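Here is a friendly walk through one protein model, from its core to a few single residues. Please keep the sequence and the 3D view open as you read.

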Amino acid sequence: MRQIRSRSVVTPDGLVVALRPLEANAPWIAAWRDLSRRPLVDNLFYDPDFALPASGAFGHGVQVALVGDRAPEEPGLHLLGAWPVRVRRLRWGLPLVLTMGWMHEFGVFGVPLLDAAEPARALDALFLGLRHLIGPRLMLTHVPTQGPFAELLSGWLDRNRLRHARFWAHERALLDLTGRDSAARTAYLAHLSSRKRRKLRQAWERLNADGPVSVETIRDPADLPAAIDDYIALESAGWKGRRGTAIADDPRQAAMMRAAIAAFGARGDVRIDRLRRDGRTLAAVVSFVTGKRLWSLKISYDASVARHSPGALAFHQLTQDLVADPAIASADSCAPPNYTLPETFWTERLALAHILVETRGGDPLFPLAARLERARAAANVRVKGWRDRLRARRQTDAGDPV
C-alpha cells in the first residue's frame with residue numbers, strides 16, 4: 001500500500017483510506033452525508049447529522065475512517081465507507097493497540113456505513129487501510145450477528161482465513177415489518193393477550209379520568225425546538241433528574257439533542273410523540289428515521305401519573321402508528337436487553353455483539369487480546385446484570401409498563 005499523506009493510504013485497487021478528525025467544517029462532510037443515504041445498513045449514530053452533534057458531548061478523540069475514490073480534501077469525492085473510531089492503546093492495561101468503533105450513551109449501533117453498491121470492496125479497503133494506519137486488530141461495537149452486515153463480515157473473514165471473537169452477545173426489542181402486507185401489518189399487535197389489552201384500556205380510562213388526554217405527533221421543524229425542550233424538562237423531573245443522569249444535567253447532551261433534532265427535523269426525519277393534558281406532557285417518545293428504519297431513542301413520562309402507565313400507552317400508540325405507515329419497514333428500540341416496555345409490544349429481537357477482528361496480514365497477539373477482552377466482558381456483564389435488576393425494580397415500582 002502507498003501512503004499519500006499523513007493518515008492516508010492507497011489500497012492496491014486504488015481506493016484511498018484516510019483518518020480524519022470528526023469536525024463539522026471538514027470538506028468531506030457532504031460526501032459523508034451522501035453515503036448515509038445509500039448504505040448497506042442504515043445507522044442513525046454514524047449519520048453525520050447525528051454524529052456531528054454528538055461529537056460535542058461524546059466525541060473527544062474520535063476520528064472518522066473514510067474510504068473514497070480520492071483524498072477526502074479533493075473536490076468530487078465519492079465515499080464508499082465511513083466509520084467513526086477511537087484508537088485505544090491501553091484497553092487491557094497492556095500496549096496492545098485497538099481500533100474501536102465509536103460508541104457512547106446515545107450511540108448503540110456500530111455498523112460502519114458502507115456503500116450498498118460495493119460493500120465488500122468498501123469493507124476490505126476499510127480494514128486493510130486501518131491495519132496500515134493504526135494496527136492489526138479492530139473492534140466492531142453493537143453490530144448485528146444476523147443480516148446483511150453479518151453475512152458480509154463472515155464472508156470476508158472466511159475468504160481471508162482470519163480470526164474473530166464475539167463478546168457481550170445480547171438482544172433488544174425490534175419491530176420488523178419487512179415483507180408484511182397491509183393485513184399482516186394491521187394484525188401485528190394481535191400477539192397482545194386479552195388481559196394485556198384490558199389493562200391498556202383500563203390504564204387509558206384512568207389516565208383520562210382527570211381530563212381528556214390528547215395524542216400528538218410533532219414533526220413540523222418550527223414546533224420541534226419547543227417539543228424537545230419540553231421532553232428534556234419532563235425527563236429532568238423524573239428519576240433520571242433525581243439521579244443526576246438526565247439530559248438537562250449535561251449542557252453538552254442538551255445541545256446535542258437540540259442540534260440533532262433540528263438537523264433531522266429539516267429532513268422530515270424526526271418525530272416526538274406525546275400524551276398531553278391541559279398543556280402538560282404526561283409521556284413522550286423521541287424517534288429518528290433513516291431510510292425505512294425508525295430509531296426510538298428516548299422515552300420519558302410524568303412520575304406523578306406513573307400508576308396509569310403513560311409510557312406504555314405512548315409506546316403502544318407509537319407502535320400503532322408505525323404498523324400503519326408503509327414508509328417504515330423496521331424500528332429499533334435502542335433499549336437495553338430485557339427492557340420490558342418495548343418487548344411488550346415488539347416481538348422481534350435484534351441480536352448484537354461486540355466483535356474483535358484480525359485484519360489481513362495476521363495478528364500474532366490476537367489470542368492474547370481475545371482472552372483479555374473476554375475477561376473484561378465477563379466483569380462488565382456482572383456489573384450490568386446488577387444495573388438491569390435495579391432498573392427493573394425501579395420500573396416495577398413506578399408502575400410502568402402495564
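Let us begin with a term for how much of a residue is open to solvent: buried means under 20% relative accessible area, exposed means over 50%, and partly exposed is in between, with a 1.4 Å probe and protein chains only. W168 is partly exposed, because its relative accessible area is 26%. The model is a predicted one, in which local features need pLDDT of at least 70 and side-chain atom pairs count only at pLDDT 80 or more, while totals for chains, interfaces and linings use all residues. Residues are numbered from 1 along each chain as its sequence is written, and side-chain values use heavy atoms, with hydrogens and water left out.

Two residues deserve a look for their backbone angles. Most residues other than glycine have a negative phi. W168, in strand β9, has a positive phi of about 50°. R161 also has a positive phi, near 55°. Helices (H or I, at least four residues) and strands (E, at least two) are DSSP runs, numbered from the N terminus.

| Residue | Place | Phi | Relative accessibility |
|---|---|---|---|
| R161 | loop between α4 and β9 | near 55° | 78%, exposed |
| W168 | strand β9 | about 50° | 26%, partly exposed |

Now to the interior. A nonpolar core is a set of buried Ala, Val, Leu, Ile, Met, Phe, Trp, Tyr and Cys residues joined through side-chain atoms within 4.5 Å. The largest one has 85 residues, and those with the most contacts inside it include W32, W83, F127 and F288. Helix α3 (residues 119-133) gives the largest share of this core, 7 residues. A second, separate core has 31 residues, among them L175, L275, L294 and F315.

Contact here means heavy atoms within 4.5 Å. Beyond its neighbours within four places in sequence, W32 is in contact with L22, Y46, P48, A51, L52, V64, L79, A82, P84 and L113.

Where does L114 sit? It belongs to strand β7 (residues 113-114), and L114 counts as buried because its relative accessibility is 1%. Not counting residues up to four places away in sequence, L114 touches partners including L35, R38, L80, A122 and F149. R38 lies in the loop between α1 (29-35) and α2 (48-58). The C-alpha atoms of L114 and R38 are separated by 8.2 Å, although their positions lie 76 residues apart along the chain as a sequence separation. R38 is also in contact with H78, L79, D115 and A116. R38 and A203, 165 residues apart in sequence, are 42 Å apart in space, C-alpha to C-alpha.

Helix α10 (residues 310-323) has 14 residues, and at 1.5 Å a residue it should span 20 Å; its end C-alpha atoms are 20 Å apart, which agrees. That expected span is 1.5 Å times one less than the number of residues. Since 11 of its 14 residues are buried, α10 is largely enclosed by the rest of the structure. Its buried residues include P310, F315, H316 and V323.

Finally, a pocket. On a 1 Å grid over the protein atoms alone, a pocket is an open set of points where a 1.4 Å probe fits, with protein on both sides within 12 Å along at least five of seven lines; lining residues have an atom within 4 Å of a point. The second largest has a volume of about 470 Å³. Of its 19 lining residues, the closest to its centre are V41, P148, R293, S330 and L350. β15 gives the most to this lining, with 3 residues.

Methods. Points joined across faces, edges and corners; volume = space filled by probe spheres on them.
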